[in-house]
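Hi there,

Here is the structure I promised to pass on to you. Please have a look at it first, and then read my notes on what turned up.

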Amino acid sequence: MTRSHSTHSAFAQLNRENRLTDTDRAIMRAFRRLMDGHPEISDGSVTVVNIVAEAGTSRASYYRSPVAAAIKEILAAPTIKRPEIDELKAETARLRKELRELRSQRAEEADELKQTVATYANYIQLLTLRNAELENEAALLREQTATTGTVRPIRPHCETR
């Protein structure tokens, strides 16, 4: 079922069943223009605010009109094709949500990487200190062999790490 056929049949039924006012007809024309992608005043999105702006009426008049229920029914139909602007806005909202999720994921990954870098920095610092200790011990051993010709343990019960 196409957009124009759906709106036409719903509004034709309203015409047969009710006595429509000029305001009701203005609301129907405004809705059709929005659905066809030809707004005159608004940004083209199918909202109550835009329908009443296009119709030149108030929201209260819109909600009192039997046309409001027909519009709600039309928009609830799963086969109804929304105007391109509504589809673009929905796509924009989806992409913004996806961007937020990706940024959040990237922030989590960055935090994990920072923690990994901090851990490696701690290990490097420990290894640097241990290397300095070993270099000092090696220098003492070289000095001992140069002066006495023998090597004595620097520490009792020398441990290997």
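R94 has a relative accessibility of 41% and so counts as partly exposed, since that class lies between the 20% limit for buried and the 50% limit for exposed. Its salt-bridge partner is E91, with N and O 2.7 Å apart. E91 is partly exposed too, at a relative accessible area of 34%. The two residues sit three apart in helix α6, so about one helical turn separates R94 from E91. As background, side chains of opposite charge can pair when their charged atoms come close.

Before I go on, please keep in mind that this is a predicted model.

Some words on the chain as a whole. The secondary structure amounts to six helices and zero strands, so if you follow the elements from the N terminus you will read α-α-α-α-α-α. The chain has 161 residues, and 24% of them are buried. What about contacts between residues at least 6 apart in sequence: what share joins residues at least 24 apart? That share is 54%. The chain exposes about 12000 Å², and carbon and sulfur atoms supply 55% of that area.

Back to the charged pairs. How many salt bridges does the structure hold? There are seven, and the R94 and E91 pair described above is one of them.

Another one links E133 and R130, whose closest N and O atoms are 3.0 Å apart. Here again both residues belong to helix α6 and lie three residues apart, about one turn of the helix. Are the two partners buried or exposed, or in between? E133 is partly exposed, with a relative accessible area of 35%, whereas R130 has 18% relative accessibility and counts as buried, because buried means under 20%. Elsewhere, salt bridges that share partners join R33, E40 and E54 into one network.

Within that network, E40 pairs with R33, and their closest N and O atoms are 3.6 Å apart. E40 counts as exposed at 59% relative accessibility, while R33 is buried at 18%. This salt bridge therefore joins an exposed residue to a buried one.

Two surface patches are also worth a look while you have the model open.

The first topic is charge. E108, E109, D111 and E112 gather on the surface in a patch of negative charge. One of these residues, E112, has its place in helix α6, which covers residues 84-147.

The other topic is a nonpolar patch. Which residues make the nonpolar surface patch of about 610 Å²? They are Y120, Y123, I124, L126 and L127. Y120 is in helix α6, and at 53% relative accessibility Y120 counts as exposed, because the limit for that class is over 50%.

If you would like a short route through the model, you could begin with the R94 and E91 pair, go on to E133 and R130, turn to the network of R33, E40 and E54, and finish with the negative patch that includes E112 and the nonpolar patch that includes Y120.

Happy exploring, and do write back with any questions!

Best wishes

Conventions:
Residues numbered from 1 in each chain as written. Predicted model: local features only at pLDDT ≥ 70, side-chain atom pairs only at ≥ 80, totals over all residues. Heavy atoms only, no water. Patch = residues over 30% accessible without salt bridge, like charges linked within 9 Å, V, L, I, M, F, W, Y side chains within 5 Å. Areas by Shrake-Rupley, 256 points an atom, 1.4 Å probe, with all protein chains shown as cover. Salt bridge = Lys/Arg side-chain N within 4 Å of Asp/Glu carboxyl O. Lys, Arg positive; Asp, Glu negative; His and termini not counted. Charge placed at Lys NZ, Arg CZ, Asp CG, Glu CD. Helix = DSSP H or I, 4+ residues; strand = E, 2+ residues; numbered from the N terminus. Buried < 20%, exposed > 50% of the residue type's maximum accessible area, 1.4 Å probe, protein only. Contact = heavy atoms within 4.5 Å.
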